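This report describes a single model, beginning with one residue and its contacts and then widening to the core, the ligands and the overall fold.

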Amino acid sequence: MSVQLTNRAKQVDRKPMTFLESIYLWNIMKGMAITISHLFRKKATINYPEQTRSVSKVWRGLHVLNRDAEGRENCTACGLCAVACPAEAITMEAAERLPGEEHLYREEKYAAKYEINMLRCIFCGLCEEACPKDAIYLSQTIAPSNYARKGFIYKKGDLLIPHPVNEPEAYQKALGEKADNNKIKKEPTIPETA
Ligand code: SF4
Ligand code: SF4
């Protein structure tokens with residue numbers, strides 16, 4: 001005698017099949033009825049990437065390397081984001097700013113190479129939290145799919161925000177998401193008492 005380990009076991013019906021059951025017609029009709037009933041229901045899927053779902057204002061997507069209002073890169077290659085990253089997804093190489101490059105880099109040191117491996121990244125946002133220079137933030141852009149592993153290694157050129165002077169529209173669009181996020185973060189969590 002077999003031992004029953006849980007009370008969820010279901011008795012197997014060993015009755016002989018009727019003629020209707022033996023030709024599976026009834027079961028095929030039941031299956032077709034379920035399929036047809038779904039034709040009139042609201043679709044659970046969307047035509048991505050032509051259509052996208054709206055996400056929360058605090059949702060974290062692709063990273064953006066920030067510039068200041070003059071278009072200079074904020075990142076000073078301090079490495080705090082890489083240290084804070086639990087997935088070890090960030091690598092960088094620092095370089096010294098040369099005379100005449102003040103219009104390119106805000107600080108005396110900058111990231112000559114900056115890479116994020118999106119296959120490792122868990123979009124936790126700790127890099128953004130760790131950055132003392134407001135140089136990196138997670139935008140609301142969904143990381144696109146790719147067929148090759150190297151397509152998920154985002155280099156500095158892929159991550160840098162558009163130049164505010166040369167591409168003002170693209171810059172404002174990218175910054176708009178960040179401005180919204182900052183607004184949410186600044187909202188008081190404890191209501192003021194009169
Ligand atoms: S979001 Fe998290 S996992 Fe991704 S790079 Fe930043 S710290 Fe690393
Ligand atoms: S993004 Fe911020 S934390 Fe990371 S290296 Fe640049 S300045 Fe430092």
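## C127 and its contacts

In this predicted model, C127 touches C81, A84, C85, I90 and I136, when residues up to four places away in sequence are left out of the count. C127 also belongs to the largest nonpolar core, where it is listed with L65, C75, C81, I90 and I136 as touching the most other members.

## The largest nonpolar core

The largest nonpolar core is made up of 23 residues. Strand 1 (63-65), strand 3 (109-117), strand 4 (136-138) and helix 6 (168-186) each contribute at least two residues to this core, and the greatest contribution, four residues, comes from strand 3. As a general background, nonpolar side chains tend to be buried together in soluble globular proteins.

## The surroundings of the two ligands

Ligand 1 is surrounded by 14 residues, the nearest of which are C85, C121, C124, L126 and C127, so that C127, one of the core residues that touch the most other members, is also among the nearest residues to this ligand. The shell around ligand 1 consists of 13 nonpolar residues and one polar residue, with no charged residue.

Around ligand 2 there are likewise 14 residues, with C75, C78, C81, C131 and A135 being the closest. This shell comprises 11 nonpolar residues, two polar residues and one charged residue. C75 and C81, named here among the closest residues, also appear among the core residues that touch the most other members.

## Strand pairing

Strand 3 pairs with strand 2 (residues 90-96) in an antiparallel arrangement that is joined by seven bridges, and within this pairing I90 has I116 of strand 3 as its bridge partner. Strand 3 also runs antiparallel to strand 5 (residues 153-154), to which it is joined by two bridges, and here N117 stands opposite I153 of strand 5.

## Helix 2 and the chain as a whole

Helix 2 (residues 25-39) contains 15 residues and reaches 21 Å from its first C-alpha to its last, which is close to the 21 Å expected at 1.5 Å a residue. This helix is hardly covered, as the count of buried residues among its 15 residues is zero.

The chain has six helices and five strands, and from the N terminus on these elements follow the order α-α-β-α-β-β-α-β-β-α-α. Of its 194 residues, 16% count as buried, while 73% of the contacts between residues at least 6 apart in sequence join residues at least 24 apart.

Methods. Residues are numbered from 1 along each chain as its sequence is written. Chains are lettered from A and ligands numbered from 1 in the order in which they are written. This is a predicted model: local features need pLDDT of at least 70, side-chain atom pairs count only at pLDDT 80 or more; totals for chains, interfaces and linings use all residues. A residue is near a molecule or strand if its C-beta atom, placed from the backbone, lies within 6 Å of it. Ala, Val, Leu, Ile, Met, Phe, Trp, Tyr, Cys and Pro count as nonpolar, Asp, Glu, Lys and Arg as charged, and the others, Gly among them, as polar. The expected span of a helix is 1.5 Å times one less than its number of residues. A residue is buried if 20 or more other C-beta atoms lie within 10 Å of its own, exposed if 12 or fewer, and partly exposed in between; C-beta atoms are placed from the backbone. A nonpolar core is a set of buried Ala, Val, Leu, Ile, Met, Phe, Trp, Tyr and Cys residues joined through C-beta atoms within 7 Å. Two residues are in contact if their C-beta atoms, placed from the backbone, lie within 7 Å. Two strands pair if DSSP finds at least two bridges between them.
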